Amino acid sequence: NFLNSKITEYSRNKIKQYILNGNLKVNELVAKSPSQKISHGDVILLTIPQEEKNILKPYKYKLKIIFEDDDLMVIDKSAGISIHPGAGNYEKTLVNALINYIGNNLSDINGEFRPGIVHRIDKDTSGLIVVAKNNYSHLKLSEQFKNHTVNRVYNALVWGKPRPSSGRIETLICRSKKNRQLMQVSSIKGKKAITNYKTIEIFENSKLPTFSYLECKLETGRTHQIRVHLSNKGNNIFGDKQYKKNFKKIKNIDNDLENMIYNSNRHFLHAGELGFIHPRSNKKLFF
């Protein structure tokens with residue numbers, strides 16, 4: 001708190017990370033934690049490490065930009081591209097594409113591998129995300145996501161017919177014990193997750209498995225939230241290879257349709273609507 005009041009060019013989270021990395025000394029002793037008490041007369045020395053610049057390689061990739069001004073960008077992300085660099089992929093992500101488009105003119109609050117990234121959607125989910133061009137915008141936008149005031153509506157194609165056809169799913173979601181890359185619904189631990197869903201259309205006939213087209217509105221934004229909630233209801237998202245649905249072969253099913261079901265290269269989840277207050281003008285934006 002003290003450092004944050006004295007150093008304006010770095011965010012609170014950035015300063016906290018420096019402390020956790022052992023870059024702060026109080027009376028020549030390395031600070032034990034960001035919550036360490038200090039007193040009048042203490043000698044406090046924070047060493048700002050020399051950070052590597054331009055560590056991320058530009059990726060020539062056509063961005064579908066829906067909106068852009070001096071503070072932010074709204075992008076319609078294609079399925080198949082990860083939001084930011086991670087294990088096994090440090091060069092062909094949305095962040096790399098942003099570096100190619102705009103250079104280093106992005107917020108740096110989330111660290112060197114996530115410049116501009118305020119929130120995320122999964123690699124195989126398509127749709128709208130907002131990117132911050134500066135730290136002021138990033139902090140203001142992050143506050144809206146934290147307070148769950150951002151309007152986010154997703155479209156999904158799922159197996160079967162949800163019962164009831166519309167409803168509110170409220171559970172706890174935690175990491176799976178069996179597979180740490182997956183999430184699961186829990187009754188005893190995890191973070192509260194709320195998804196409102198509505199059935200828009202149902203597709204079924206004698207030669208077709210039953211599918212439903214849903215609209216899902218988030219009240220919270222947990223990892224894999226919609227995918228986990230719908231999978232837990234037995235209405236897995238079509239094409240989801242992590243939370244996948246095993247279905248019985250339907251007699252006389254169309255061969256092309258069957259091949260598509262087995263060989264789909266993405267899951268059918270799309271971030272279709274995004275609304276928030278502009279961090280500088282305070283105007284409501286809706287995309």
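**Entry 1. Second largest cavity**

I began with the second largest cavity of this predicted model and listed the residues around it. Its lining consists of Tyr61, Lys62, Leu63, Lys64, Ile75, Asp76, Lys77, Ser78 and Leu94. The space inside comes to about 30 Å³. I then asked which strand gives the most to this lining. That is strand E5 (residues 72-77), with 3 residues. Sorted by class, I recorded 4 nonpolar, 1 polar and 4 charged residues in the lining.

**Entry 2. Largest cavity**

I looked up how many cavities of 30 Å³ or more there are, and the count is 2. The largest cavity holds about 40 Å³ of space. Around it I noted Gln144, Phe145, His148, Thr149, Val150, Arg152, Leu218, Glu219 and Thr220. By class, this lining divides into 3 nonpolar, 4 polar and 2 charged residues.

**Entry 3. Strand E7**

Arg152, in the lining of the largest cavity, took me to strand E7, which covers residues 151-159. Is E7 enclosed or open to the outside? I found 9 of its 9 residues buried, so the strand is largely enclosed by the rest of the structure. The cut-off behind this reading is a relative accessible area under 20%.

I next sorted the residues of E7 by direction. Asn151, Val153, Asn155, Leu157 and Trp159 point one way. Arg152, Tyr154, Ala156 and Val158 point the other way, and the residues of both sets are all buried.

I then looked for the pairing partners of E7. With strand E12 (residues 269-277) E7 pairs in the antiparallel sense over 6 bridges. There, asparagine 151 stands opposite glycine 275 of E12. With strand E11 (residues 208-218) the pairing of E7 is also antiparallel, over 7 bridges. In E11, I identified glutamate 215 as the bridge partner of asparagine 155.

**Entry 4. Helix H2**

I turned to helix H2, residues 12-20, and noted Lys14, Ile15, Tyr18 and Ile19 as buried. Why do these residues line one face of the helix? Viewed down the axis of H2, the buried residues fall within an arc of 140°, so they line one face. For background, an α-helix has 3.6 residues a turn, so residues three or four places apart point the same way.

On the face of H2 turned away from the buried side, I recorded Arg12, Asn13 and Leu20 as exposed. The cover over the buried residues of H2 includes helix H1 (2-6), strand E1 (24-26) and strand E3 (44-46).

**Entry 5. From H2 to the sheet**

Just after H2, I noted glycine 22 with a positive phi of about 85°. Asparagine 23 lies in the loop between H2 and E1. Is asparagine 23 buried or exposed? Its relative accessibility is 18%, so I entered asparagine 23 as buried, the limit being under 20%. Leaving aside residues up to four places away in sequence, I found asparagine 23 touching Tyr18, Leu45, Leu46, Thr47 and Pro49.

I followed E1 into an open sheet of 3 strands, in the order E2-E1-E3, with antiparallel pairing. Its edge strands are strand E2 (29-30) and E3, each of which pairs on one side only. E1 and E2 share 2 bridges in the antiparallel sense. In E2, leucine 29 is the bridge partner of valine 26.

**Entry 6. Second largest pocket**

I then examined the second largest pocket, which has about 400 Å³ of space. It is lined by 18 residues, of which Asn1, Phe2, Ile19, Pro34 and Ser35 are the closest to its centre. I asked which elements supply at least two residues each to this lining. H1, H2 and E1 each do so. H2 gives the most, with 5 residues. In the lining I recorded 10 nonpolar, 6 polar and 2 charged residues. Ile19, one of the residues closest to the centre of this pocket, is among the buried residues of H2.

**Entry 7. The chain as a whole**

I closed with the overall values. The secondary structure of the protein chain comes to 6 helices and 13 strands. I noted a span of about 80 × 45 × 40 Å for the C-alpha trace along its principal axes. Of the 287 residues, 42% count as buried. Among contacts between residues at least 6 apart in sequence, 63% join residues at least 24 apart.

Definitions and conventions
Residues are numbered from 1 along each chain as its sequence is written. This is a predicted model: local features need pLDDT of at least 70, side-chain atom pairs count only at pLDDT 80 or more; totals for chains, interfaces and linings use all residues. Side-chain values use heavy atoms; hydrogens and water are left out. Buried means under 20% relative accessible area, exposed over 50%, partly exposed in between (1.4 Å probe, protein chains only). Helices (H or I, at least four residues) and strands (E, at least two) are DSSP runs, numbered from the N terminus. The arc is that of the directions from the helix axis to the C-beta atoms. Contact means heavy atoms within 4.5 Å. On a 1 Å grid over the protein atoms alone, a cavity is a set of points where a 1.4 Å probe fits but cannot get out, and a pocket is an open set with protein on both sides within 12 Å along at least five of seven lines; lining residues have an atom within 4 Å of a point. Grid points are joined across faces, edges and corners, and a volume is the space filled by probe spheres set on the points. Ala, Val, Leu, Ile, Met, Phe, Trp, Tyr, Cys and Pro count as nonpolar, Asp, Glu, Lys and Arg as charged, and the others, Gly among them, as polar. Two strands pair if DSSP finds at least two bridges between them.
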